[in-house]
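Subject: Structure for your review

Dear colleague,

Please find below the structure that I am handing over to you. My notes on what was found in it follow directly after it.

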Amino acid sequence: MLIFLDSANIEEIQQANDWGVISGVTTNPSLIAKEGRNFEQVVREIAAIVDGPISAEVISLDSEQMVKEAETLARIHPNIVIKIPITPEGLKATKILSRQNIKVNMTLIFSTNQALLAARAGAAFVSPFIGRLDDINQDGMGLIEETAAVFRNFNLDTQIIAASIRHPLHVTQAALLGAHIATVPFKVLQQMVKHPLTDAGIEKFLADWETVKNK
Ligand code: G3P
């Protein structure tokens, strides 16, 4: 499973990219708003750092405007993927864009049927939102499991991005269930690196080294 960073913060993206662990970035209007900066400029800066798919979301609700927005965003960099919410208009735009070889990440997926429709419309990626389902007492990871099974049954080449990841266990579970990608907030990426026994191990090695370093 590949790891994408779910962030529009340039410092976080630079740091995660320096660790060599991320293969792409996803953004959404809320993440862009958090940075308080010009959308296209942020996307351009991300694309200059990370050599992989960079999801940028449209905000129009009708397909014609979605396609226009998508075409503008796609011109920023060849790695730009257009994030479009699953609606009838979104599906229509996805069909048009996929025929123009502009990749779509269909977002706000909360059911297996929505994921199947997105794949059939030509989406390159689907983003089931795990955490937001867990928040309302529904099984977010069950959605990954079902979607992965359906895509496998019919050899669909749409990639599953486990999104709305809240903690490291979500990442492990998504990998075990066959998500192609997990898009993780920087905080979760930091949590994934950590283990108390690693910290204790380093401390012990350094303490032991102190006793022999001048011998
Ligand atoms: O990028 C989409 C998704 O990961 C959002 O996550 O935490 O706002 O539910 P969250």
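The exposed residues Glu11 and Asp18 sit on the face of helix α1 that is turned away from its buried side. Please keep in mind throughout that this is a predicted model. Helix α1 spans residues 10-18, and its buried residues are Ile10, Ile13 and Ala16. These three lie on the same side of α1, because they cover an arc of only 135° around the axis. What covers them includes the strands β1 (2-6) and β2 (24-26), together with the helices α3 (39-49) and α10 (186-193).

Both ends of this helix deserve a look. At the N-terminal end, Asn9 acts as a cap, with a side-chain oxygen 3.1 Å from the backbone nitrogen of Glu11. After α1 comes Gly20, which has a positive phi, near 80°.

The second topic is the ligand. Which residues surround the ligand? They are Asp6, Asn28, Lys83, Phe129, Arg132, Ala163, Ser164 and Arg166. Three side chains may be examined in detail, each with respect to an oxygen atom of the ligand. For Asp6, a polar side-chain atom lies 2.5 Å from such an oxygen. For Ser164, the corresponding distance from a polar side-chain atom is 2.7 Å. For Asn28, an N or O atom of the side chain is 3.2 Å from an oxygen atom of the ligand.

Ser164 appears again in the surroundings of His170, a residue of helix α9 (residues 168-177). Is His170 buried or exposed? Its relative accessibility is 3%, and buried means under 20%, so His170 counts as buried. Leaving out residues up to four places away in sequence, His170 touches Ile130, Gly131, Asp134, Met141, Ser164 and Ile165. In addition, the side chain of His170 reaches the backbone nitrogen of Arg166 at 3.1 Å. Arg166 is itself one of the residues that surround the ligand.

I now turn to charged side chains. Side chains of opposite charge can pair when their charged atoms come close. How many salt bridges does the structure hold? There are five, and three of them are described here:

- Glu45 and Arg37 meet through their side chains, at 2.6 Å from N to O. Both residues are partly exposed, Glu45 with a relative accessible area of 22% and Arg37 with one of 35%.
- Lys194 and Asp199 form a salt bridge at 3.2 Å, N to O. Lys194 counts as exposed at 55% relative accessibility, whereas Asp199 counts as partly exposed at 35%.
- Glu210 and Lys213 are joined with their closest N and O atoms 3.0 Å apart. Glu210 is partly exposed, with a relative accessible area of 46%, and Lys213 is also partly exposed, at 41%.

Glu69 makes a useful contrast with these pairs. Glu69 is located in helix α4 (residues 63-74). This residue is buried yet has no salt bridge. The nearest side chain of opposite charge belongs to Lys68 and is 11 Å away, while a salt bridge requires the nitrogen and the carboxyl oxygen to be within 4 Å. What does the side chain of Glu69 make a polar contact with? The partner is the side chain of Ser60, at 2.4 Å. Apart from its neighbours within four places in sequence, Glu69 is in contact with Glu57, Val58, Ile59 and Ser60.

With kind regards

Definitions and conventions
Residues numbered from 1 in each chain as written. Predicted model: local features only at pLDDT ≥ 70, side-chain atom pairs only at ≥ 80, totals over all residues. Heavy atoms only, no water. Buried < 20%, exposed > 50% of the residue type's maximum accessible area, 1.4 Å probe, protein only. Helix = DSSP H or I, 4+ residues; strand = E, 2+ residues; numbered from the N terminus. Arc of directions from axis to C-beta. Contact = heavy atoms within 4.5 Å. Polar contact = N/O pair within 3.5 Å; in protein donor to acceptor, adjacent residues only side chain to side chain. Lys, Arg positive; Asp, Glu negative; His and termini not counted. Near = heavy atom within 4 Å.
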